[in-house]
Each structure stands twice: as structure tokens, then as C-alpha cells.
Amino acid sequence: MTELNLVLLGPPGSGKGTQSERLQEDLQLPYYATGDILRAAVKEGTALGRTAQEYMERGDLVPDEVIVGVIGERIDSEEAADGFILDGFPRTTPQAEAVEAKLEELGRALTAVLLIDVSDDEVVRRLGGRRTCAENGHVFHVEFNPPKQEGACDLDGSELVIRDDDKPEVIRHRLDQYHDKTEPLVGHFDRQSLLRRIDGTAAPDQVADEIRRTLATMKLEADEAI
Ligand code: AP5
């Protein structure tokens, strides 16, 4: 494989952000998380942030046309020439078609889509206990991954907060949006033989090991095919 163009797919709270931190260390590839990009835009009060804020607070997806260009620019950048990790994008069929068209225009294609699979009940447990670092978005969980000092980020000491969209009623709505708009992408990518299912219910280090094994197998298969 000459380049690694990866997508992390999965319901809210499945551990995409948690696994991305490990993947970035392993692969040294640029990481584009649309949730982080949009939250930063809201914080900075940019036009993108002002458009996105009300959708995000309700747990709705922002309109496709708002987000597609944001990712298109990044994929087309010099830093992404050897590959990238997308987290939270694509999330709808039009977004998937847009990223595929953009890559085709660049003479490239997605390498794999890693689906991190967990049940709705597990999502509710995880997001109910999530605490997020206010400055840099580092993620903790009161039970499964508690910070060393309550209320403070282990990595940069910032305050740990509950995301606005981690309120119980919003979590349920985000799950509905996932099943309705994002889950159809499982079949979309499976039909293209890009989908790799990862059991997201194991502990974070075990999930990371399964992802590493999956990527290693893909590389072997690609090398054998040459
Ligand atoms: P976004 O930020 O992408 O939210 P999400 O997909 O709902 O994902 P999360 O960040 O909630 O969860 P995660 O899977 O990263 O899990 P995490 O690792 O934190 O999007 C937010 C909003 O932005 C959307 O609702 C939408 O409005 C908008 N948006 C973003 N992208 C968009 C797009 N493409 N189109 C339109 N709108 C878009 O883990 C969760 C918790 O579980 C943590 O506490 C963690 O410590 C814990 N945990 C993780 N792994 C494990 C494990 N294996 N075992 C036990 N606990 C674990």
C-alpha cells in the first residue's frame, strides 16, 4: 500500500476519538475529525461555527454542503498526500459520494473504512460518563478511563467538562440520526469491499490491537497482490 486513506465509522461514543489518538501515533498521518473541527469553529465564532452550533446542540447533523468543502480542502492539502485518518466523516451517503469524487479527481481512493461496532446501550453508558478536556478535546470517562485528578486533564491540566451534546436526551437523538443517516454507509462501503468490522466493546487497548492487526493484514494482502 503506498498511501493509507482511512475512515473511522461508528455510532457516537463508539470510541472513534479514543482510537484515533493511538492511530495517529502509530501511523503519523494527519487526522481530520469533523466534530473537533466544528467545535473549534463554534468556539472561535467563525461563520462555519455560527451555522453549525444549533445543529450540534440538538444532536442533528449539520447540512452536507456545510461540511463537504471543509474536508475536501484538507484531503487536497500537501500534508495529506501520503494519507489521512477521517473521523466522523463521511456521515451520510452524499458525503461519502463527495469524498469518493474528490479522491477520484486526485487519482486516489479510500483504502479502508474501520467500523467500530458497539450497541446503543453501551453508547449511552459511555457518553453519559464522558468528560472532555476544554482546551484540546482529550477524552476521559468517569468509570472506564478516569483522570488521575478529578476534573482535570492528565495531558494538559485543563478543566474537564461535559459536552453540550452528551445530555441524555441529545445522546438518544444522535443515536437516531446515526441509525437513520449514517448506518446506510455500512452497506455502501461493504459493497466496495472497504469495510472492516472492529469489535468496539473490548477495552481501548484491545480495540487498538485489533485495528493494528486488521491494518497489518490489509498491508500483507496488498503486498501479495503486487
Ligand atoms: P462528533 O464529535 O464526531 O461526535 P460523535 O460521532 O457523536 O462521536 P463522539 O465524539 O461522541 O464519540 P467517539 O466515537 O469519538 O467516542 P470517544 O472516543 O469520545 O460530532 C459531534 C456533532 O458534530 C454531530 O452530532 C454533528 O452535529 C456534527 N458533525 C460532526 N461531523 C459531521 C458530519 N460529517 N456531518 C454532519 N454533522 C457532523 O469515546 C466515548 C467515551 O467512551 C469516552 O468517555 C471514552 O473514554 C470511552 N471509551 C472509548 N472507548 C472505550 C472502550 N473501548 N471501553 C470503554 N470506554 C471507552
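This section describes the ligand environment, the internal cavity and a three-stranded sheet of a predicted model.

The ligand is surrounded by 35 residues, of which Thr18, Asp60, Arg91, Arg130 and Arg174 are the closest. By class, this shell comprises 15 nonpolar, 11 polar and nine charged residues. Polar backbone atoms take part in several contacts with the ligand. An oxygen atom of the ligand lies 2.8 Å from a polar backbone atom of Gly17, and a backbone N or O atom of Gly15 is found 3.1 Å from an oxygen atom of the ligand. A nitrogen atom of the ligand, in turn, is placed 3.0 Å from a polar backbone atom of Val62. The accessible area of the ligand taken alone is 1,000 Å², and 96% of that area is buried by the protein. Two or more residues of the shell are supplied by each of helix 1 (16-27), helix 2 (34-44), helix 6 (120-128) and strand 6 (139-141). Among the contributors to the shell, helix 2 provides the largest share, with four residues.

The search for enclosed space covered the whole structure and returned one cavity of 30 Å³ or more. Rolling a probe the size of a water molecule over the atoms reveals where empty space remains. The volume of the largest cavity is about 30 Å³. Its lining consists of Gln19, Arg22, Leu23, Asp26, Ala208, Ile211 and Arg212. Helix 1 and helix 9 (204-225) are the elements that each give two or more residues to this lining. The greatest contribution to the lining is that of helix 1, which supplies four residues. The lining divides into three nonpolar residues, one polar residue and three charged residues. Helix 1 is thus named both among the elements of the ligand shell and among those lining the largest cavity.

An open sheet is formed by three strands in the order 6-5-7, with antiparallel pairing. Strand 6 and strand 7 (160-161) are the edge strands, each pairing on one side only. Strands of a sheet pair through backbone hydrogen bonds, in either a parallel or an antiparallel arrangement. Strand 5 (residues 130-133) and strand 6 run antiparallel and are joined by three bridges. Within this pairing, Thr132 has Val139 of strand 6 as its bridge partner. The sheet and the ligand environment are linked through strand 6, an edge strand of the sheet that also gives two or more residues to the shell around the ligand. Arg130, one of the closest residues to the ligand, falls within the range of strand 5.

Notes: Residues numbered from 1 in each chain as written. Predicted model: local features only at pLDDT ≥ 70, side-chain atom pairs only at ≥ 80, totals over all residues. Heavy atoms only, no water. Near = heavy atom within 4 Å. Polar contact = N/O pair within 3.5 Å; in protein donor to acceptor, adjacent residues only side chain to side chain. Areas by Shrake-Rupley, 256 points an atom, 1.4 Å probe, with all protein chains shown as cover. Nonpolar A, V, L, I, M, F, W, Y, C, P; charged D, E, K, R; others polar. 1 Å grid on protein atoms, 1.4 Å probe; cavity = no way out; pocket = protein on both sides within 12 Å on 5 of 7 lines; lining within 4 Å. Points joined across faces, edges and corners; volume = space filled by probe spheres on them. Pairing = 2+ DSSP bridges.
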